[in-house]
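Biologist: Please take me through this model and justify the terms applied to it. I shall ask what stands behind each label.

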Amino acid sequence: MTQKSPKRYTITAALPYANGPVHIGHLAGVYVPADIYARYLRSQGRDVLFVCGSDEHGVPITIRAQKEGITPQQAVDKYHQMIKESFSEFGVAFDMYARTSNATHHQTASDFFKQMYEQGNFTEQVSEQYYDQKAGQFLADRYIQGTCPVCSNPNAYGDQCENCGSTLSPSELINPVSMLSGEKPVLKETKHWYLPLNQYETWLREWILQGHTEWKPNVYGQCKSWIEGGLQPRPMTRDLDWGIPVPVPGAEGKVLYVWFDAPIGYISSTKDYFKEKVANSTGEEWKLYWQSEDTRLIHFIGKDNIVFHCIIFPVILKAHGGYILPDNVPANEFLNLEGNKISTSRNWAVWLHEYLQDFPGKQDVLRYVLCANAPEAKDNDFTWKDYQNRNNNELVANLGNFVNRTLVLTNKYFRSKVPPCNQLFDLDKEIIAGIQEFPGKIAASIEAFRFREALAHLMDFSRLGNKYLGDTEPWKVIKENEARVQTILHISLQLTANLAIVMEPFLPFSAAKLNQMLGIQPFNWSSAGKLDLLPIGHSLKEAYLLFDKIEDAVVEAQVQKLLDTKKANEAANRKVPPAKAEVSFDDFTKMDIRVATILAAEAVPKTKKLLKLTLDTGLDKRTVVSGIAEHFKPEEIIGRQVCLLANLAPRDIKGIQSQGMILMAEDRDGSLSFINPEKVIINGGTVS
Ligand SMILES: Nc1ncnc2c1ncn2[C@@H]1O[C@H](COP(=O)(O)OP(=O)(O)OP(=O)(O)O)[C@@H](O)[C@H]1O
Ligand SMILES: [Zn+2]
């Protein structure tokens, strides 16, 4: 049950997997909402610990390392550093960003497992698994390739066929082959430790289905379908050499399942925080954030992590004992990019580190767009056009415009000193009521994890300010009634100072700039709604624009980058042409294929594709017209040896008689390559 006023908050954001950089899907799904929530609670003066770190174990890391010819540790070092830096530059204000390959985590996860083992929380089960005798190693599903039983794709993996999308198990693959050695793997018995989820079904029903009806419908619905679908025991160990060794007898060569150790990473990260960042830590403070009933634990994740955070990790915590359980898991659905699923392997993403490079100083624009369009209830699409529109029409035209007009007019009429508030009319009282009400509305939406709604209220708050200036027209009134303008700008300035408070969780960089222009130290949320944040006579600092317009060319360049990716992907996916019908050996021997040398080459006038070649075939000198002009310049190919189909019936091409055809191979991108002997052969040498 949600506690009304917890003493402290532990906020976790999904551990990013360290086999690639962070993209906008991760940000919109997890890190932007988590950061807004943590910043908001801090501004409320609550005791908050916001932890994250890199998830560095598991099979995909070992596969990537093998592909790149480096060790798994080198692979995770590279991405951990990159992810950590880009989060920090983007303003994600973690208290701690740790990593699961470090000593604190290994110890914590290992102790966790050991205690559960000793308490008898696991069941042991022996099963047959594929084993590579040459490599001396059991094979994770991803390490086995074979023919898909569904579509006959020869390169299906042990867990999945990427051609037809079928979920597979290794035993279903036809002709399985180990990706480590290329050998045929054998079945061998292996023992694993299972978490008997089925034994927790009644408890999960009570705890979630009855006790947490307030969870988001997408989260509650997924939990319900998992629980009602019948929970099965899940192995918590793997046969692998990268990870945390299973700390029990008879488990040599086995490591903890990555989804056993990763969520414990939140606890290790908390320990690291006190160890590394708090002077004179007793080493015990982390317990308050994980074991004290008056702490509220919130997990921010994307939808594919729901089962791990709502079912498996809570069962682990419950079985271990002594830990609090998540109070809420406000998981988001997925963000897509320009109509397609974001994908690291297909490079279909806007990468955070590239965005930071391409759009320096524009962290808040991306934070704004990702929150305004967050996939809170259903999958959503990011487009560059929408990014540009939201910047130009909302941040520039609404928020930036109001702040700028207020500051510029105050400078112009009152030499940047906060003017007094004089007689109030109904119009002014409405705005004052707005200043008093909006912060509470925004807060309520944030507390309910409705970040899009909160941001919409924030923009309405600023819109109220713009409307006020539009309705009162201080630039006209100044000529006859300076006292009236004093009041208008006084109220507008108080609204601006309030905006700086409520903006901070969403747009921290802009809030800091605004505070600086206002010449004030940041106020916290308890001051929001007040009408005297800026004292009369207080001097403002120089004003500049909070947001700039983004031009078409800038977003077009980003769209072009994606189009280039699409092209490259299409080329990479181009299939080899299907096999032709069978021919007899006699048919083959009818073809007279020979080595020849190009003596001369010239473009065929009025054509784009054709070159006229003169060849020495050993038998004669002859002319061949070839469609390779788009791939080779005449001067490049003179002197080359080629293979020629010499007895092809002559053909008239653009008025030139072509006597034969040279052989070319086509690559996946459509580029051509000559077929020629590996060493120089006499002209006329036969090919068979
Ligand atoms: N497109 C997306 N939209 C929303 N959330 C996402 C998206 N992609 C990943 N996430 C979430 O981000 C968090 C971290 O993701 P993780 O590092 O595990 O990558 P992933 O899910 O393997 O993504 P990818 O395959 O794109 O690298 C997870 O909670 C995940 O649910
Ligand atoms: Zn298939």
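Biologist: A279 is found in the loop between helix 7 (258-277) and helix 8 (286-291). Why is A279 called exposed or buried?

Modeller: Helices here are DSSP runs of H or I with at least four residues, strands are runs of E with at least two, and both are numbered from the N terminus. A residue is buried if 20 or more other C-beta atoms, placed from the backbone, lie within 10 Å of its own, exposed if 12 or fewer, and partly exposed in between. A279 has 4 C-beta neighbours inside 10 Å and therefore counts as exposed. A279 and C164 are separated by 115 residues in sequence and by 56 Å in space, C-alpha to C-alpha.

Biologist: On what conventions do such statements rest?

Modeller: This is a predicted model, in which local features need pLDDT of at least 70 and side-chain atom pairs count only at pLDDT 80 or more, while totals for chains, interfaces and linings use all residues. Residues are numbered from 1 along each chain as its sequence is written, and chains are lettered from A and ligands numbered from 1 in the order in which they are written.

Biologist: Why is L563 assigned to its exposure class?

Modeller: L563 is found in helix 18 (residues 552-573). With 11 C-beta neighbours inside 10 Å, L563 counts as exposed. L563 and W348 lie 9.9 Å apart, C-alpha to C-alpha, with their positions 215 residues apart in sequence.

Biologist: What makes R415 and K606 worth naming for their phi values?

Modeller: R415 is not a glycine, yet its phi is positive, at about 45 degrees. R415 lies in the loop between helix 12 (384-414) and helix 13 (426-447), and its 9 C-beta neighbours inside 10 Å class it as exposed. K606, also a residue other than glycine, has a positive phi near 65 degrees. K606 sits in the loop between strand 17 and strand 18 and is exposed, with 7 other C-beta atoms within 10 Å.

Biologist: Which strands pair with strand 17, and how do you know that they pair?

Modeller: Two strands pair if DSSP finds at least two bridges between them. Strand 17 (residues 593-603) is joined to strand 20 (residues 641-645) by 5 bridges, to strand 18 (residues 611-616) by 6 bridges, and to strand 26 (residues 686-687) by 2 bridges. The pairing with strand 20 is antiparallel, as is that with strand 18 and that with strand 26. V595 has C643 as its bridge partner in strand 20, A600 has T614 in strand 18, and I593 has V687 in strand 26.

Biologist: What does UniProt place at residues 587-688?

Modeller: An unreviewed UniProt entry places the feature "domain: TRNA-binding" there; such annotations may be inferred rather than shown by experiment, and their positions follow the numbering used here, with feature names shortened. Residues 587-688 are 7% helix and 43% strand, with end C-alpha atoms 12 Å apart. The unreviewed entry also gives "short sequence motif: 'HIGH' region" at residues 16-26, a span that is 27% helix and 0% strand, its end C-alpha atoms lying 8 Å apart.

Biologist: Why are strand 7 and strand 8 placed at the edges of their sheet?

Modeller: The sheet is open, with 3 strands in the order 7-6-8 and antiparallel pairing. Strand 7 (156-157) and strand 8 (174-178) each have a single partner strand, so one side of each is left without a neighbour in the sheet. Strand 6 (residues 144-147) is joined to strand 7 by 2 bridges, and G146 stands opposite A156.

Biologist: How do you know where the buried residues of helix 6 lie?

Modeller: V219, Q222 and C223 are buried in helix 6. Seen down the axis of helix 6, these buried residues fall within an arc of 100 degrees (taken over the directions from the helix axis to the C-beta atoms), so they line one face of the helix. On the other side, P217, G221, S225 and E228 are exposed.

Biologist: Which residues are closest to ligand 1?

Modeller: They are A14, Y17, G25, G29 and G302, among the 19 residues that surround ligand 1; a residue is near if its C-beta atom, placed from the backbone, lies within 6 Å. Helix 1 (residues 24-43) supplies the largest share of this shell, 5 residues.
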